[in-house]
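Welcome! Please take a look at the sequence and the 3D structure below, and then we will walk through a helix crossing and some salt bridges together.

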Amino acid sequence: MELERKNGEWIKSGSCDLGLRRIKVRKESVYEEEEPLSPMARMFQQPESNVYVIAMLGFKNPIDPHFLKANLIHTFLKQPRFSSVQVADEKNGGEVKWVKTKVDLDNHVKIPMVDQHMASPDQFVEDYIANLTNTQISTSIPMWDVHILNLKTCDAESTLVIRLHHSLGDGTSLMSFLISCCRKTSEPDALPSFPAAKKSRPHTGWFWKFWSVLLLAWNTLVDIWMCVATTYFLKDTQTPLKAPSRAVAFTSRRIMRRTFCVDDVILVKNATNTKVNDVVLAITQAGLSRYLNRKYGKGMGDGESWENNLPNSVRLTATLFINLRSSPGIYAIAKMVKKHSQTDWGNKIGYVLYPFKIALKDNPLDYIRDAKATMDRKKATLEAQFRLFMAKVFVRFYPTKLATFPLTTMWFSNVAGPQEEISLFGNQVTFIAPSLYGQPVALTIHIISYEKKISMVLSVDDNIIPDPYQLCDDFEEALKLIKKAVVAEGLIKK
């Protein structure tokens, strides 16, 4: 159902439960005008990138639906995006705006009937979410819903599935909002700790400042050229991980996760003098290399002394999303909803093309060195800002022909989660697993930290990647090999 404005009124037209009809709704009684959608939010609305966020939260106890609804009124409905619809203003060139509306929670809270004694509850939850990725939320209501699965799985007594359209906000916005709705389990009246934003130390001295500016300008020019080349002729290698076309955006997704001990990642980080993001990118590169080597090979060995079956010069690129807020990190929600804040709500993100070097390394620490070098290079560029600028240009001058995301092999995102055990509406959270569907790639990886755990959450098209749990196993084995190499080389700092 769509809405358009005529003669000072909002007209709701399109198909509904009673068939095709047109309904006049007086603006003064139902809707309030708000701000237009951001350029990046509109990119997430395109047919080939109509992206939804789908997050799974596991709980220590069953979920009380009535208690959940009562709390949603004082949390979700207080955030303007969760009580607004998207409306095209025909008098302003079809500009899409957020328009506040009344919310009926019964349209947003879903409670499916489940058999408490089924043989495979974990498989049921995975299948339920996979079926959910085949559907969309009506545009006639705020584009979010929650699904209560009161079913005991291997690591939770119940699961809450939160689904919303990506145009509502990016990972930083949504994680900040979630944390603001939670409380510390150890202190039920205290907000969880927000991960501190660490800023790099600037170089001192005129020479280093001059060199940094020169390097930034050169890297940005190179990346702009690569942006054009990737769009028109420089394509990724057609590996078993790559979707053949953008039509993959319309397929269902399987979502699974693999959890690591954060102490293992921190050990590698400290031993190699890198960052957590460098380590998880190295794990990803090593795991992808192992998986593809198995796919290209016939029979494999013990996993550490394989024959190299990889083709030469595999080009495998990830669209890596970057938070472009001037003050990076996770924030209190009160700061994000404040007007003209440096941490404001929305899709304040850009993206860069991150090349994974697919190869089997004799020394697993070479994956760490590759990841650090590549990430340092990506930090010294304005590529992400340029991508956001181009999105704004298209919105301003070509509103009916928006920019699209490049057709890479995969998407990658990393967001910090709560640092301690938390409870949502009094129910202790056992895990957090955010992901996406509707994106034009067959593989998306989200890295999320929670308490003493780091999880890799995969969203895959199982028609292209039929064995995603094998890919999870390869990521897990990659961390073991990297940690083993750190210990073997005596790099552990005491």
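## A helix crossing and its charged pairs

Helix α8 (residues 276–296) and helix α10 (residues 365–379) have axes that come within 8 Å and cross at roughly 120°. Axes here are lines fitted to C-alpha atoms, for helices over the stretch in contact, with angles running from 0 to 180 degrees between N-to-C directions. Helices (H or I, at least four residues) and strands (E, at least two) are DSSP runs numbered from the N terminus.

This is a predicted model, in which local features need pLDDT of at least 70 and side-chain atom pairs count only at pLDDT 80 or more, while totals for chains, interfaces and linings use all residues. Residues are numbered from 1 along each chain as its sequence is written, and side-chain values use heavy atoms, with hydrogens and water left out.

Back to the crossing: α8 and α10 are oblique to each other, a word for angles that are not under 35 degrees (roughly parallel), over 145 (roughly antiparallel) or 65 to 115 (roughly perpendicular). On the α8 side, the contact (heavy atoms within 4.5 Å) is made by N277, D278, V279, L281, A282, Q285, A286 and S289. Helix α10 brings Y367, I368, D370, A371, K372 and M375 to the contact.

Now for the charged pairs. Side chains of opposite charge can pair when their charged atoms come close. A salt bridge is a side-chain nitrogen of Lys or Arg within 4 Å of a carboxyl oxygen of Asp or Glu, and by this rule the count comes to 24 salt bridges. Here are some of them, with the N to O distance:

| Salt bridge | N to O distance |
|---|---|
| D155 and R257 | 2.2 Å |
| D473 and R258 | 2.8 Å |
| K361 and D370 | 2.9 Å |

D155 sits in the loop between β9 (144–149) and β10 (158–165) and R257 in strand β12 (residues 254–261), so their pair ties together parts that are 102 residues apart in sequence. How accessible are these residues? Buried means under 20% relative accessible area, exposed over 50%, and partly exposed in between (1.4 Å probe, protein chains only). D155 is partly exposed at 31%, and R257 is partly exposed at 23%.

The pair of D473 and R258 links distant parts of the chain, with D473 in helix α12 (residues 468–488) and R258 in strand β12, 215 residues apart. D473 is partly exposed at 35%, whereas R258 is buried at 17%.

K361 is partly exposed at 26%, and its partner D370 is buried at 13%. Finally, D223, R377, K378, E383 and R387 are joined into one network by salt bridges that share partners.
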